[in-house]
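Me: I'm new to reading protein structures, and I'd like a close look at a single part of this one. Could you start from one side chain and then walk me outwards through its surroundings?

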Amino acid sequence: MTGAHLLVAALIVLLAGAPLVLVTGRVDPTLAKVVAGATSAGAAVLGLVAVVTGAGDLRLPLVAVEADLVDLPLRVIGGGAPGAIGLLVLAVVAAIQVFASWYLGEDDRYAAFAATVSLFAAAMLLVVISRDLVLTLIGWEVMGWCSYLLIGHWSRKESARRAAYKAFMVTRLADVGFVLGVVALTALAGTSDLDKVNALIAGDSCAGGLCAVSQRGVDIALTALVTGVLGKSAQIPFQDWLTDAMEGPTPASALIHAATMVAAGTVVLAGLYPALAQAEVARWVLGIATSVTMVLAALLLSLIHILTLPTKRIV
């Protein structure tokens with residue numbers, strides 16, 4: 001059994017844990033805490049074993065699609081950098097589940113929170129181990145939906161509902177570009193396999209007639225995808241949702257806005273680096289947006305001592 005098999009097993013454990021936590025939460029809240037902790041810890045152990053086992057490659061045969069116009073291999077990998085990052089995600093989620101069981105111990109909706117965290121973790125893990133644009137898109141969108149639920153966990157408060165709606169709408173707007181970018185790249189390459197897309201755009205192969213496609217087409221596709229990354233990472237001009245999102249419980253802030261979701265874009269762009277290196281416009285858009293965001297963040301942080309604003313909302 002390879003690292004890829006073990007990481008997929010960890011993903012399945014997290015997916016199965018979500019409805020299990022919900023069901024047990026209706027019976028006994030204490031049992032729900034045990035289930036949430038056990039499933040996240042079990043997934044982390046599988047991630048550790050995957051790193052020790054080493055690299056592997058797995059094509060999901062039950063759902064992979066091959067057609068005349070496009071190939072959707074739906075491939076995942078384990079070991080190496082993806083395995084290490086996957087283990088980090090699983091370890092962070094396990095720690096957050098343990099913390100949440102104490103922090104939200106008296107919350108009557110704890111089970112719903114823990115189940116959403118488990119589903120979010122599975123989606124993030126899928127983004128990390130995926131070597132297929134379609135799988136990446138699935139994980140990306142599930143993360144966005146879970147983010148909305150976690151930010152609005154205390155939905156009895158109007159401010160929490162408003163923050164959740166705002167985060168959802170801003171990130172959905174940016175994700176229009178992400179979806180269009182994934183579709184365009186898949187259409188250009190004739191496959192959703194990430195390695196083949198990179199090889200074709202980087203010029204290592206001219207299969208599928210990609211070499212006949214203008215550089216403008218590649219620039220447009222990757223610029224659209226970068227737009228989605230900027231939205232999920234709360235970069236300029238999509239930064240406004242992040243401060244309001246602090247209305248969610250602190251474990252949600254730790255998971256979504258510090259440890260994983262805002263870093264998901266980095267994982268996606270790292271996987272597409274050979275292609276991104278050929279897209280000058282996309283690199284300029286990414287560089288300008290992130291540079292302006294860093295300067296703005298530095299200015300805001302400098303105001304903490306001056307205006308004594310809450311640090312959580314500033315960061």
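Reply: Happy to! Let's begin with Trp 145, which counts as partly exposed because its relative accessibility is 44%, a value that falls between the 20% limit for buried and the 50% limit for exposed. Please keep in mind that this is a predicted model. Trp 145 belongs to helix H5, which covers residues 133-151.

Now look across from Trp 145 to Arg 172. The two are 27 residues apart in sequence, while their C-alpha atoms are 9.5 Å apart in space. Arg 172 has a partner worth finding too: its charged end sits over the ring of Phe 168, 5.2 Å from the centre of that ring.

It helps to see this pairing of distant positions against the whole protein. Take the contacts between residues at least 6 apart in sequence: 75% of them join residues at least 24 apart. The protein has 15 helices and four strands, and buried residues make up 50% of its 315 residues.

From here, let's stay with aromatic rings for a moment. A search of the whole structure finds six aromatic pairs. In one of them, the ring centres of Phe 99 and Tyr 103 are 5.4 Å apart and the planes meet at 35°, so this pair is tilted. Both residues lie in helix H3 (residues 80-103), and they are four residues apart, which is about one turn of the helix. Phe 99 is partly exposed, with 34% relative accessibility, and Tyr 103 is partly exposed as well, at 33%. Trp 102 joins Phe 99 and Tyr 103 in one aromatic cluster.

Helix H3 also has a neighbour to meet. Its axis and that of helix H4 (residues 110-129) come within 10 Å and cross at roughly 175°. That angle makes H3 roughly antiparallel to H4, because anything over 145 degrees counts that way. On the H3 side, the residues making the contact include Ile 85, Val 89, Leu 90 and Val 93. On the H4 side, they include Phe 113, Val 117, Met 124 and Val 128.

Two of those H4 residues, Met 124 and Val 128, lead us onwards. Leaving aside neighbours within four places in sequence, Val 267 is in contact with Met 124, Val 127 and Val 128. Val 267 is found in helix H11, which spans residues 261-271. Its C-alpha atom is separated by 9.8 Å from that of Val 229, although the two are 38 residues apart along the chain.

Leu 269 is also in helix H11, and it is buried, with a relative accessible area of 11%. The C-alpha atoms of Leu 269 and Val 229 are separated by 8.2 Å, with their positions 40 residues apart along the chain. Beyond its neighbours within four places in sequence, Leu 269 is in contact with Leu 225, Val 226, Val 229, Leu 276 and Leu 286.

Val 226 and Leu 286 appear again in another helix pair. Helix H8 (residues 215-232) and helix H13 (residues 280-302) pack at an angle of about 20°, with their axes 7 Å apart. That makes H8 roughly parallel to H13. In this contact, H8 contributes Asp 219, Leu 222, Thr 223, Val 226 and Leu 230, while H13 contributes residues including Val 281, Val 285, Leu 286 and Ala 289. The crossing of H8 and H13 is right-handed.

If you follow the chain on from H8, there is a backbone feature to look for. Pro 237 sits in the loop between H8 and helix H9 (240-244), and a cis peptide bond joins Ile 236 to Pro 237, with omega about 5°. Leu 74 offers another backbone feature: its phi is positive, about 50°, although it is not a glycine. What makes both worth a pause is that most residues other than glycine have a negative phi, and most peptide bonds are trans. Leu 74 lies in the loop between strand S3 (71-72) and strand S4 (75-78), and it is buried, with a relative accessible area of 8%.

One last stop is Thr 39, in helix H2 (residues 29-53). Thr 39 counts as buried, at 13% relative accessibility. Apart from its neighbours within four places in sequence, it is in contact with Val 13, Leu 14 and Gly 17. Compare that with our starting point: Thr 39 is buried, whereas Trp 145 is partly exposed.

How values were computed. Residues numbered from 1 in each chain as written. Predicted model: local features only at pLDDT ≥ 70, side-chain atom pairs only at ≥ 80, totals over all residues. Heavy atoms only, no water. Phe/Tyr/Trp six-rings, centres within 6.5 Å; stacked < 30°, edge-to-face > 60°. Helix = DSSP H or I, 4+ residues; strand = E, 2+ residues; numbered from the N terminus. Buried < 20%, exposed > 50% of the residue type's maximum accessible area, 1.4 Å probe, protein only. Lys NZ or Arg CZ within 6 Å of the ring centre and 35° of its normal. Axes fitted to C-alpha atoms, helices over the stretch in contact; angles between N-to-C directions. Parallel < 35°, antiparallel > 145°, perpendicular 65-115°, else oblique. Left-handed = near helix turned anticlockwise from the far one by under 90°. Contact = heavy atoms within 4.5 Å.
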